[in-house]
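This report describes how a protein chain is put together in three dimensions. The sequence and the structure are shown first.

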Amino acid sequence: MTKSAVEFDPFSEEFYAKPYEIYRRMRQDAPVYYNAEYDFYALTRHADVAAAFKDHGTYSSARGVDLAQVKSGVPPQKSIIFMDPPDHRHMRNLLSRAFTPRAVQSQRDTISDLVRKYLDGVDPAGFDLIQDFSALFPVEVITRMAGVPEEFRQQVRLWIDESLHREPGQMEMSESGVQAATDTSIFYYNLVQQRRAEPRDDMISALIAAEIERDNGETTTLDDLEIAAFATLLGGAGAETVTKLLGNAVAIFARHPDQWRKLLDDRDKIPAAVEEVLRYEGPVQYNVRCTRTQVRVHDVTIPAGKPVFLIGASANRDPDAFPDADTFDIDRDRTRSQNLGLGYGIHSCLGAALARLETTIALAHLLDFMPRYEILWDRCERVTMQNVAGWSRLPMKVLR
């Protein structure tokens with residue numbers, strides 16, 4: 001295959017710092033991109049990414065959802081994120097009961113209380129939005145739902161951060177990342193066993209009592225590994241997504257103060273603003289799939305058994321899907337194309353409604369807390385993480 005003039009290295013400093021210019025060039029010059037060094041393909045246009053998300057028969061999750069997993073050839077742990085139908089359908093039908101509209105809305109008061117708790121603890125004259133606020137309350141929400149004791153909730157966040165962290169040039173987990181992932185799995189496995197002995201009113205206890213239809217038609221309960229794997233996934237997604245989404249939102253609004261003023265004038269616009277942040281600079285950059293069969297896209301043949309990056313963050317900036325796509329506009333017409341910020345198809349985020357609710361409530365409180373604010377850009381730091389984009393440090397001050 002002819003080498004593309006565009007360079008997309010998902011583990012490079014350039015990508016971590018400025019992915020959207022890379023995406024623009026890929027959409028324009030290499031809509032089916034091939035990276036010879038890592039031997040993967042990537043799709044960046046909205047129509048192609050959306051179609052691939054829905055085509056689980058061609059683009060499989062069963063070998064993993066990041067490059068290292070797919071290339072390892074080692075089957076990942078039993079978790080819904082690594083399943084294709086019919087196993088995925090049965091598991092999702094069960095797990096989605098934890099995120100019904102009623103179940104999500106029941107968390108409203110808890111979210112508000114936690115947001116107020118952490119905002120009350122910051123100094124308006126100088127604080128770090130991430131370290132002092134947005135990294136703290138989301139993990140409390142999701143792990144509380146799961147049944148994690150209070151004294152372990154922030155530790156779960158630290159384990160997640162370490163397991164996702166990648167230094168530039170690093171594809172595999174570091175030794176400390178592997179240890180953090182192992183510690184997380186052991187913690188949840190032990191917690192499941194504790195809840196089997198002493199059930200409580202929490203998600204893990206509910207999953208222990210639930211039954212699931214298996215591929216062979218048999219109905220069984222979930223085993224400890226299955227429940228622990230879901231709790232691990234839930235804790236990671238629930239903590240990282242909102243932390244990064246809210247940090248991105250505050251950074252974007254600092255650069256678009258006219259849009260912040262719109263929210264100050266009309267709080268009813270907050271849900272639309274959350275959707276636009278998800279589109280414009282969402283926390284999830286891509287998901288990796290593995291081709292089950294050979295597939296042809298834009299006159300490029302992708303062989304069977306190859307990793308393919310489905311870059312939703314690029315698709316959400318595709319001008320063919322979103323007119324004036326590089327403009328941040330909370331009043332944008334959102335009916336024209338599907339926002340892929342939290343996935344699409346069978347693997348769309350189970351906790352998407354909860355993430356939206358948390359971010360909506362947090363933004364409402366931030367509008368009251370800091371109607372005017374300034375970010376100290378020279379002290380900001382971006383994360384360098386597997387799949388996740390956002391800020392690790394966002395120092396700022398409230399202006400009076």
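The following paragraphs treat the nonpolar cores, the sheets, one helix and the salt bridges in turn.

The structure is a predicted model. Its largest nonpolar core has 85 residues. Within this core, the residues with the most contacts are Phe-99, Leu-129, Phe-133, Phe-137, Phe-253 and Met-370. Helix α13 (residues 224-255) supplies the largest share of the core, 14 residues. Another core, of 24 residues, lies apart from the largest one and includes Val-6, Tyr-16, Tyr-20 and Met-171.

Phe-253 may be taken as an example of the packing. When neighbours within four places in sequence are left aside, Phe-253 is in contact with Gln-259, Trp-260, Leu-263 and Ala-273, and also with Val-277, Phe-328, Ile-330 and Tyr-373.

Two sheets are considered next. One is an open sheet of three strands, in the order β4-β14-β11, with antiparallel pairing. Strands β4 (127-128) and β11 (373-375) stand at its edges; each has a single partner strand, so one side of each is left without a neighbour in the sheet. Between β4 and strand β14 (residues 395-398) the antiparallel pairing runs over two bridges, and Phe-127 has Met-396 of β14 as its bridge partner. Helix α13 packs on this sheet and touches β11 and β14. The direction of α13 makes about 105 degrees with that of β11.

The other is an open sheet of five strands, in the order β1-β2-β10-β7-β3, and its pairing is mixed. Its edge strands are β1 and β3 (59-60), each of which pairs on one side only. Strands β1 and β2 pair in the antiparallel sense over four bridges; here the bridge partner of Tyr-33 is Ala-42, in β2.

Helix α7 (residues 108-120) has 13 residues. From its first C-alpha to its last, α7 reaches 18 Å, close to the 18 Å expected at 1.5 Å a residue. Its buried residues are Thr-110, Ile-111, Ser-112, Leu-114, Val-115, Tyr-118 and Leu-119. An α-helix has 3.6 residues a turn, so residues three or four places apart point the same way. The cover over the buried residues of α7 includes helices α8 (129-134), α9 (137-146), α10 (153-164) and α17 (352-369).

The last topic is charge pairing. Side chains of opposite charge can pair when their charged atoms come close. In the whole structure, 20 salt bridges are found. Among them are the following pairs.

| Acidic residue | Basic residue | N to O distance |
|---|---|---|
| Asp-39 | Lys-306 | 2.7 Å |
| Glu-281 | Arg-382 | 3.4 Å |
| Asp-326 | Arg-317 | 2.9 Å |

The pair Asp-39 and Lys-306 links distant parts of the chain, 267 residues apart. Asp-39 lies in the loop between β1 (32-35) and β2 (40-43), and Lys-306 in the loop between β9 (300-302) and β10 (307-310). Distant parts are likewise linked by Glu-281, in helix α15 (residues 270-281), and Arg-382, in strand β12 (residues 381-382), which are 101 residues apart.

Which of these partners are buried, and which are partly exposed? Glu-281 has a relative accessibility of 12% and therefore counts as buried, whereas Arg-382, at 25%, counts as partly exposed. In the pair of Asp-326 and Arg-317, Asp-326 is partly exposed at 46% relative accessibility, while Arg-317 is buried, with a relative accessible area of 7%. Salt bridges also link Lys-262, Lys-269, Asp-329 and Asp-331 in a network.

Technical notes
Residues numbered from 1 in each chain as written. Predicted model: local features only at pLDDT ≥ 70, side-chain atom pairs only at ≥ 80, totals over all residues. Heavy atoms only, no water. Core = buried A, V, L, I, M, F, W, Y, C linked by side-chain atoms within 4.5 Å. Buried < 20%, exposed > 50% of the residue type's maximum accessible area, 1.4 Å probe, protein only. Contact = heavy atoms within 4.5 Å. Salt bridge = Lys/Arg side-chain N within 4 Å of Asp/Glu carboxyl O. Pairing = 2+ DSSP bridges. Axes fitted to C-alpha atoms, helices over the stretch in contact; angles between N-to-C directions. Expected span 1.5 Å × (residues − 1).
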